Amino acid sequence: MAARDVHSYSEPGRVRVRHVDLDLDVRFDRRILEGTATLVFERIDRAADSLVLDTRGLDIAATEAPVDGGNWRAVEFSLGAADPILGAPLRIALPADADRVRVRYATRPGASGLQWLSPPQTAGRKHPFLFSQSQAIHARSWIPIQDTPQVRLTYGATIRTPSELVAVMGAAGNPTSGRGGMYRFSMPQRIPAYLLAIAAGDLAFAPLGHRAGVYAEPALLDRAAHEFADTEKMMEAAERLYGPYRWDRYDVLVLPPSFPFGGMENPRLTFATPTVLAGDRSLVSLIAHELAHSWSGNLVTNATWSDFWLNEGFTTYIERRIDEEVYGPEFAAMEAVLGRQDLEEEIERLDDHDEILHIDLAGRDPDDGATRLPYEKGSLFLRSLEELFGRPRFDEFLRAYFDHFAFQSITTADFVAYLKEHLLSRDSAKAAAVPLETWIEKPGLPEEAPRPRSAALEEAQRIAADWTAAKVPASELPFARWKTQQRLQFLRQLPSPLPLPRMKELDAALGLTATGNNEVAFQWLLMSIRAGYAIADARLEDFLTSIGRRKYIKPLYEELSKTAAGRERALAIYGKARPGYHPIAVDTMDRILDWKG
Ligand SMILES: [Zn+2]
């Protein structure tokens, strides 16, 4: 199962880290983490005399190993040249009998995997906040580690914070009450480095069931607990389909709005954007998605970032199966239809080589591969297998797949071999109808790709056509009774750009510029830019300066940049918003806007 990972300097085929113990101070005053990482390793090659770790922007003070019966002594290290994507390899000399090394180090304020927020950037506005985002290769910016998904390890941690703050990790030991500035964690299940996660801030906890709960700033806690009330039901649904939940607890941490993603599936503790707190549970597919990663991704993990679709395609498929169990087939169908629409739009934008599930990312930042493609095309591929072989047979296959590869990291080739042996070879007539190579190694979508349908969305589409043809006034649109997905479909189906008088008519009837639903607001703001609808200008600026979720800000800045005047405006807004964005979002936006500061 050893595939070369072009995004790591580590050499796990020679020496493999099995466990890490962190002892870190969270220094809000200097925006750094400072302390030690003790790495316990196994020599696969018994002659190996050095351990290579990935780092990015770490200040290494010393490396030590126990020699002569356990006394820690300094050992030599060298830090290689820094590559802009990969960072710098840290090579540590290993004494002959050592099985562990200790690295004394500190992060830097600009660490790509950490965001340090000042009090005004939080909901409570009184305390600072820190959170990590390690996927894809940002763990190395806060821990010297073998930062490849092929290496799985357990960990322990002692974390010190200012005494009034709470620290949490994707591990056992998260406090449900009390503070004191010293927290201990242990992670008994083996995980890859990209799932290492930490946050610290003014956090409170509310239980959602006997093994689920939510952490959030006190001001958001009740809303979050209400929004995510179905979490335990989702866990039960996923377990019925794919076998036991193997991570003991499932908690959700609601982050400040600068979090660049919807969610991050850190084991035991999903990190989530507050932009899904819609009040009506209409955006909780995000939780279904992150929970699904407890099987696809966290349990069976992509071995390299070229195999990312094994994480995200499977997870998107499972997310919709959970949606169907908990919210019914129509809800799942709406999500599937919108997913295919997103995919088709993405395919129009992407170059051919980025439309391949088994993508080649050599020489590129693996974050570049995180388009909608691996999610939605991967999901359609699995759905096509489900439709062909029948749901009972396919469910049985997937469940066995998760058992077989549990706590392992696998490549696309490993999956294909397993698929052939355990599904395709059992029915050669059906297998002949699967264009496997086209799905996995070719751009675009196979002709036979499933086309999901939803009666609820077709209704929204019909009514959009009627309103466009002036057959129904805006005041009679059934917007109030529609789910978020129907509202989105209605807006997406309108002519683009929509003439200004019609923008005004819709806004007056539906209050779109003022909507509190972020998905609807995003769609409306996109339409406003296209239409030159100045009434929404202030809302657009407010949206872009208060939310850092890349899914929203990237298309809005891109749309603005299509005209000279728009580009000027984009740069003016970005100049204000940039200090509040996460380093990962800043990296994306700097490139798109060609930002020179
Ligand atoms: Zn995901």
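In the predicted model, the zinc ion is held by protein donors from His 289 (NE2), His 293 (NE2) and Glu 312, the last contributing two OE entries, at 2.1 to 2.6 Å from the metal. Along the sequence, the donor residues follow the spacing H-x3-H-x18-E. The angles subtended by the 4 donor atoms around the zinc ion run from 54 to 151°, and the arrangement is therefore irregular; a tetrahedral assignment would require all angles to lie between 85 and 135 degrees. Both histidine donors are buried: His 289 has a relative accessible area of 9%, and the value for His 293 is 0%.

Internal space was examined next. The structure contains 2 cavities of 30 Å³ or more. The largest cavity has a volume of about 50 Å³, and its lining is formed by Ser 306, Phe 308, Trp 309, Asp 354, Ile 356, Leu 357, Ile 359, Gly 369, Leu 373 and Pro 374. Two or more lining residues are supplied by each of the helices α4 (308–327) and α6 (372–389). By class, the lining of the largest cavity comprises 7 nonpolar, 2 polar and 1 charged residues.

The second largest cavity encloses about 40 Å³. Its lining consists of Tyr 245, Trp 247, Tyr 250, Glu 265, Asn 266, Pro 267, Arg 268, Thr 270, Glu 290, Ser 294 and Asn 298. These residues divide into 4 nonpolar, 4 polar and 3 charged.

Aromatic contacts were also enumerated, giving 39 aromatic pairs in the structure. One of them joins Phe 28 and Trp 116, with ring centres 5.4 Å apart and planes at 85°; the pair is therefore edge-to-face, as planes over 60 degrees apart are placed in that class. This pair links distant parts of the chain, 88 residues apart: Phe 28 lies in the loop between β1 (15–27) and β2 (32–43), whereas Trp 116 belongs to strand β9 (residues 114–117). Phe 28 and Trp 116 are both buried.

Edge-to-face geometry is also assigned to Tyr 574 and Trp 595, because their ring planes stand at 90°, with the centres 5.0 Å apart. Tyr 574 is located in helix α17 (residues 564–577) and Trp 595 in the segment after α18 (583–593), so that the pair ties together parts 21 residues apart in sequence. The two partners fall into separate accessibility classes: Tyr 574 is buried, with a relative accessible area of 0%, while Trp 595, at 24%, is partly exposed.

How values were computed
Residues numbered from 1 in each chain as written. Predicted model: local features only at pLDDT ≥ 70, side-chain atom pairs only at ≥ 80, totals over all residues. Heavy atoms only, no water. 1 Å grid on protein atoms, 1.4 Å probe; cavity = no way out; pocket = protein on both sides within 12 Å on 5 of 7 lines; lining within 4 Å. Points joined across faces, edges and corners; volume = space filled by probe spheres on them. Helix = DSSP H or I, 4+ residues; strand = E, 2+ residues; numbered from the N terminus. Nonpolar A, V, L, I, M, F, W, Y, C, P; charged D, E, K, R; others polar. Donors = N, O, S within 2.8 Å, 3.2 Å for Na, K, Ca; no water. Tetrahedral: all angles 85-135°; square planar, octahedral: opposite > 155°, others 65-115°. Buried < 20%, exposed > 50% of the residue type's maximum accessible area, 1.4 Å probe, protein only. Phe/Tyr/Trp six-rings, centres within 6.5 Å; stacked < 30°, edge-to-face > 60°.
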